[in-house]
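I opened the sequence and the structure side by side and kept short notes. The entries follow in the order of looking things up.

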Amino acid sequence: MNWLKNKLNFDFSFGGFGKKTTAVLGIDITTTVVKLLELSKHGDHYKVESYMVAPLPRDAVVDKHITNVEVIGDAIKKALQRSGTKLKQAAVAVGGSSVITKLIVLPDGLTDDEMAEQIMIEAEQYIPYSIDEVNFDFEVQDKNEIDSSRVNVLLAASRKENVDDRVAALAIAGLKAKVVDIETFAIENAFVLLANQLPYSIENKTIVVIEIGANLTTLHVLYNSRAIYTREQNFGGKQLTEDIQRTYGLTYEEAGVSKKLGGLPDNYESDVLEPFKRNMVQQIQRAIQFFVASNASRPIDCVIIAGGCASIAGVDQLVSQSLGVPTYIANPFVNMELSSRVNPKSLGKDAPAMLIACGLALRSFDE
Ligand SMILES: Nc1ncnc2c1ncn2[C@@H]1O[C@H](COP(=O)(O)OP(=O)(O)OP(=O)(O)O)[C@@H](O)[C@H]1O
Ligand SMILES: [Mg+2]
């Protein structure tokens, strides 16, 4: 996808396959932090050149919507300085309900310009917003199965402010938005790295990648490395932080720190952590049930747990026991070399939560 192609005056590419000769910094702006990642490529191997995770104040991002562009811009600026990266261009993503993707059918043989024109004329059919309110992009997928004179086209649209706010936040940090991608595509892009973790080829495999973050749980189902299903639900580590806060009378911030670093009373595991883990497994089961209900004939080959909550010890065993499916913890950095600037221990801990940032950083190497 390259949103340069449409007629709405973008000076950057959105998603997909625009030619990029310069490296981009992958930046994932979440509800709680900004995650920044620079990769370099040497033959078939990647190297982590720099990475940083910097906290955001509460409610600076709500439901993927940036409420305060300045605050985000400043956080990115600080993270940039601490990371030591020299890159000046970045890739970010929009996601969630702010993005609509649809498979549409158009005549074969149109130029990109003609296709953009056609989509703009017919836009009302495809998207519930006025065409002036959205950025859109499209990518021809394959010939239509029923009518060979037509092609299947993937159309993606996002409300303009979602794109504009991200571009503006990067500008405050002194960065140019080279790519504005879609989160699902970033996950799809990062999937090649996760495939390195699996003991078999991913060909014809149906693989669940479930990201459990702070506020959100997102289920992605991939078949032959393509995302075929995505679903979000409100669940995440914030719930555990709040349980700790309530049980031990701590502030939210204290609870968040002790959750990661330990030092909580002896009954923490049995009374607080275990119930949360069981809840987490139920949430995963429920998310998968929604997928199975709509794709009953498709057996799942394995589950990969991603997001910060994947770092909770033992969740992979619990999930594999309850689902009866092999389960792995996402590590996109497996086999990667690390620059001396990167702290291996903290990168190791953050690894499962860096999938979107990885997918975005990989856009540096688009052909
Ligand atoms: N070692 C750990 N043990 C327990 N919880 C952890 C650990 N590491 C991270 N977390 C939790 O994971 C969550 C953050 O995960 P992640 O970075 O994937 O979320 P996010 O992308 O910032 O949020 P979201 O996607 O919901 O907007 C936080 O609740 C954090 O406390
Ligand atoms: Mg996240």
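Entry 1, Asp59. I looked up whether Asp59 is buried or exposed. Asp59 counts as exposed, because I find 10 C-beta neighbours inside 10 Å, and exposed is the class for 12 or fewer. I place Asp59 in the loop between strand S4 (45–55) and strand S5 (61–62). I note that this is a predicted model. The backbone of Asp59 has a positive phi of about 70°, although Asp59 is not a glycine. I wrote down the background: most residues other than glycine have a negative phi.

Entry 2, Asp63. I looked at another Asp with a positive phi, and for Asp63 the value is near 50°. Asp63 is in the loop between S5 and strand S6 (65–66). I counted 13 other C-beta atoms within 10 Å of Asp63, so I list Asp63 as partly exposed.

Entry 3, Leu80. Where is Leu80 placed? I find Leu80 in helix H1, which covers residues 69–83. Leu80 is buried, because 25 other C-beta atoms lie within 10 Å and the class starts at 20. I then listed the contacts of Leu80, leaving aside neighbours within four places in sequence, and got Leu36, Thr85 and Ala173. I also took a distance from Leu80 to Tyr51: the two are 29 residues apart along the chain, and their C-alpha atoms are separated by 8.8 Å.

Entry 4, Val151. I find Val151 in strand S10 (residues 150–159). Val151 has 19 C-beta neighbours inside 10 Å, so I write partly exposed. Not counting residues up to four places away in sequence, Val151 touches Leu106, Asp108, Val140, Asp142, Lys143 and Asn144. I took the C-alpha distance from Val151 to Gln81 as well: it is 46 Å, with their places 70 residues apart in sequence.

Entry 5, the whole chain. I counted ten helices and 17 strands in the secondary structure. The radius of gyration is 21 Å, close to the 21 Å that the globule rule gives for 367 residues, so I note the chain as being as compact as a globular protein of that length. Along the principal axes, the C-alpha atoms fill a box of roughly 65 × 50 × 45 Å. I find that 42% of the 367 residues count as buried. I also looked at contacts between residues at least 6 apart in sequence, and 67% of them join residues at least 24 apart.

Entry 6, the domains. How is the chain divided? I have domain 1 (1–192 + 331–367) and domain 2 (198–330). Their C-alpha centres lie 24 Å apart. The contact takes 14 residues from domain 1 and 20 residues from domain 2. On the side of domain 1 that touches domain 2, helix H4 (residues 183–195) gives the most, with four residues. I sorted the residues of that side by class and got six nonpolar, six polar and two charged.

Entry 7, the nonpolar core. I wrote down the background before starting: in soluble globular proteins, nonpolar side chains tend to be buried together. The largest nonpolar core here has 93 residues. Those with the most contacts inside it are Ile27, Leu36, Ile76, Val92, Ile210, Ile304 and Ile305. The largest share of this core comes from H4, which gives seven residues. I find at least three residues of this core in each of domain 1 and domain 2. I took Ile305 from the list and looked up its contacts, leaving aside neighbours within four places in sequence. Among them are Ile210, Ile212, Val315, Val319, Ile329 and Pro352.

Entry 8, ligand 1. Which residues around ligand 1 are the closest? I count 21 residues in the surroundings, and the closest are Thr30, Thr31, Gly213, Gly237 and Gly308. The elements that give two or more residues to this shell are helix H5 (237–248) and helix H6 (252–261). By class, I find six nonpolar, twelve polar and three charged residues in the shell. I last looked up why ligand 1 is said to lie between domain 1 and domain 2. I note that ligand 1 lies between them because both domains give residues to its shell.

Technical notes
Residues are numbered from 1 along each chain as its sequence is written. Chains are lettered from A and ligands numbered from 1 in the order in which they are written. This is a predicted model: local features need pLDDT of at least 70, side-chain atom pairs count only at pLDDT 80 or more; totals for chains, interfaces and linings use all residues. A residue is near a molecule or strand if its C-beta atom, placed from the backbone, lies within 6 Å of it. Ala, Val, Leu, Ile, Met, Phe, Trp, Tyr, Cys and Pro count as nonpolar, Asp, Glu, Lys and Arg as charged, and the others, Gly among them, as polar. Domain bounds come from an automatic or database domain assignment. The radius of gyration is taken over C-alpha atoms; the globule rule is 2.2 Å times the number of residues to the power 0.38. Two residues are in contact if their C-beta atoms, placed from the backbone, lie within 7 Å. A nonpolar core is a set of buried Ala, Val, Leu, Ile, Met, Phe, Trp, Tyr and Cys residues joined through C-beta atoms within 7 Å.
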